[in-house]
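Okay, thanks everyone, let me put this one up on the screen. I'll take a few spots in turn, and shout if you want to stop me.

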Amino acid sequence: MTWHVAEEDLRAYARGELTVPLLWSADTHLAACAECRGLLADVTDPVALDAAWERLDAELDAPRTGWFESLLTRLGIADHTARLLAATPVLRRSWLAAVVFLLLATVGAVHTTESPTLFLALAPLLPLVGVALSYGPALDPTYEMSVVAPTHGFRLLMIRTLAVLVAGLGLNGLATVALPGYGLRALAWLLPALALTATGLALTPRLGPVLAPSLVGGAWIAVLLAAQAAQQTNTDALAPFTATGQGVAGAVAALGAGLLFLLRDRFDLFSGSAE
């Protein structure tokens, strides 16, 4: 080989300052010339080289960002918060697809029976189940990583709860749009949904992430069955969906939210067990 890269060009190459077309020529030549590679090693700053290797290792080891996490960061959400939201189990496509299918089936049943009762009974349970599935070692596959994250336990719970509520209530709202004939009555699921979710969360430090929502969901079903048994005619609205029932649901939601705030420090000690 009769041509070699000049030492001055090699120094510029090592500093990242060599421009094209000399850069292209140097790259091609260094791939085939051991003598120039040896000279490049001699003129390269070892400190800068170590720093470059560290940057490369960091880039290779950094986890790949998914589309959802990238969208959150572009919306201004902090990187660590976006990572916690992206790791929320119930925001995965399988869960969302199951919820969409269930809501579509329920809306179809409402159009068949000409009564929104089934939809109003089911819709409040979906956010409750979603929140339960997003927190605790029994149901959350990322629980260990969440525990060691430098985040207050209550804050982590609220981040994931808000994400689940936005997704769940949003899907419920879209399903409600498919029931235009019932007007505001089709929105009677909203306050019960907030009441069930707040109550389930408030009971979680004491009963655990499985038993608490299970008892709250069971209580909701029992209330519906009792209301149906006390229903005088088939055209009457069930008690939870009347004005009085909505007022009670709002009061329960406010009480549950207040109790949850008072118990917020217990989530740092919460082990996630159901004992």
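When I say helix here, I mean a DSSP run of H or I that is at least four residues long, and the numbering goes from the N terminus. And keep in mind that this is a predicted model.

So, with that, aspartate 45: it sits in the loop between helix H3 (34–43) and helix H4 (46–61). Aspartate 45 comes out at 43% relative accessibility, so we call it partly exposed. It also has company: Asp45, Asp50, Glu54 and Asp57 gather in a patch of negative charge on the surface.

Next, helix H2, residues 22–32. Which residues of H2 are buried? They're Ala26, His29 and Leu30. Look down the axis of H2 and those buried residues fall within an arc of 100°, so they line one face of the helix. Flip to the other side of H2 and you've got Trp24, Thr28, Ala31 and Ala32, which are exposed.

Now salt bridges. How many does the structure hold? Just one. The partners are glutamate 7 and arginine 11, whose side chains meet at 2.8 Å, N to O. Both lie in helix H1 (residues 7–15), four residues apart, about one turn of the helix. Glutamate 7 is partly exposed at 39% relative accessible area, and arginine 11 is partly exposed too, at 37%.

Last stop, the leucines. Leu190, Leu191 and Leu194 form a nonpolar patch on the surface, with about 190 Å² of accessible area together. Leucine 194 belongs to helix H12 (residues 190–207), and with a relative accessible area of 31% it's partly exposed.

Okay, over to you.

Terms used. Residues numbered from 1 in each chain as written. Predicted model: local features only at pLDDT ≥ 70, side-chain atom pairs only at ≥ 80, totals over all residues. Heavy atoms only, no water. Patch = residues over 30% accessible without salt bridge, like charges linked within 9 Å, V, L, I, M, F, W, Y side chains within 5 Å. Areas by Shrake-Rupley, 256 points an atom, 1.4 Å probe, with all protein chains shown as cover. Salt bridge = Lys/Arg side-chain N within 4 Å of Asp/Glu carboxyl O. Lys, Arg positive; Asp, Glu negative; His and termini not counted. Charge placed at Lys NZ, Arg CZ, Asp CG, Glu CD. Helix = DSSP H or I, 4+ residues; strand = E, 2+ residues; numbered from the N terminus. Buried < 20%, exposed > 50% of the residue type's maximum accessible area, 1.4 Å probe, protein only. Arc of directions from axis to C-beta.
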